[in-house]
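Reader: I would like to learn how the words used for a protein model are chosen. Could we go through one together?
Author: Gladly, let us take a look.

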Amino acid sequence: MRILVTGAAGFIGSHMCDRLLAEGHAVVAVDNFLTGCEQNVAHLNGHAQFEFIRHDITQPFVVAGQLDAVLNMASPASPKDYLRYPIATLDVGSAGTRNMLELARAKGARLLLTSTSECYGDPLEHPQTETYWGNVNPVGPRSCYDESKRFAEALTMAYHRAHGLPTNIARIFNTYGPRMKLDDGRVVPSFLDQALRGDAITIFGDGSQTRSFCYVGDLVEGIYRLMQCDERYPVNLGNPNEMTIREFAEQILRVTGSSSPIVHRALPEDDPRQRQPDISKARRLLGWEPRVPLEEGLRLTLDYFRQSL
């Protein structure tokens, strides 16, 4: 297949390109480098099946030749990035998503949207199932990302219903691995960076809030399977093994061997108290669940960050 990947120079997008090429597909990669990194796809330059286009998908866009699938993965994804670029984040979820849906429609291709567990907001249901509508503050500081993705999901479903476009929606939970930016503000790179430098590990709140962490290779496997599935409604992709942020900080200290102290800061506004996916649907439809243990995944990520530092 010939597959277009937006957000291709991002953390997850670049790993997706690797997987598609490994499976023998041709990849048309698109990114404007707002938050993506050219280095993430530099190793693919010269690959016979890889083509890179620098472009902002919120602007008109034409691709020559046939496309079989569009993987719409473009968006600032870390709190630091989307709080810095709130309008661009809303634009890529709205205008960008519509442009990619129109492109898929024109090419007779299917479209997969990578959405987010942030659609659930600060959830009142635990763990979160795909049928839960969420508890989201539509005017809070994080709303630029939450509502961008919620609108993108609604737009994707509208194109499916109105035009019969074959679509998929992946709701991605916390993911980590090589190629994350050390300074992107998410908990895994922040803790690893602080531990490696010997700085204090900063926990927001008392550390009792929970997260679950999925290694990027496992996530890419889930997206790849979903791309070939006929399910049109959202599917959770993440690791259901929940832990507190305090427990995670202690795990980081063990893996790195760091003696960094743990300090506490005020909890950011609208920060979710609990985050754990119910992946029953992914297990049933895709035969998928995470395989990489947290310690193994953290060691692989740690090796990458040590080289970066």
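Reader: Why are α6 and α8 called oblique to each other?
Author: Bear in mind that this is a predicted model. Helix α6 (residues 187–197) and helix α8 (residues 245–256) pack at an angle of about 45°. Angles under 35 degrees count as roughly parallel and 65 to 115 as roughly perpendicular, while the rest between these ranges are oblique. The pair α6 and α8 is therefore oblique. Their axes are 10 Å apart, and α6 passes α8 in a right-handed crossing.

Reader: Which residues of α6 and α8 meet?
Author: From α6 come Val187, Val188, Phe191, Leu192 and Ala195, and they meet Ile245, Phe248, Ala249, Ile252 and Thr256 in α8. Sorted by class, this contact holds nine nonpolar residues, one polar and no charged ones.

Reader: Now the sheet. What makes β3 and β11 edge strands?
Author: The open sheet has seven strands in the order β3-β2-β1-β4-β5-β6-β11, with parallel pairing. β3 (50–54) and β11 (235–237) each have a single partner strand, so one side of each has no neighbour in the sheet. On average, neighbouring strands here are turned by 20° against each other, direction ignored.

Reader: How do you know that β1 and β2 count as a pair?
Author: Two strands pair if there are at least two bridges between them. Strand β1 (residues 2–6) and strand β2 (residues 26–31) have five bridges, in the parallel sense. As one detail, Ile3 stands opposite Val27 in β2.

Key: Residues numbered from 1 in each chain as written. Predicted model: local features only at pLDDT ≥ 70, side-chain atom pairs only at ≥ 80, totals over all residues. Heavy atoms only, no water. Axes fitted to C-alpha atoms, helices over the stretch in contact; angles between N-to-C directions. Helix = DSSP H or I, 4+ residues; strand = E, 2+ residues; numbered from the N terminus. Parallel < 35°, antiparallel > 145°, perpendicular 65-115°, else oblique. Left-handed = near helix turned anticlockwise from the far one by under 90°. Contact = heavy atoms within 4.5 Å. Nonpolar A, V, L, I, M, F, W, Y, C, P; charged D, E, K, R; others polar.
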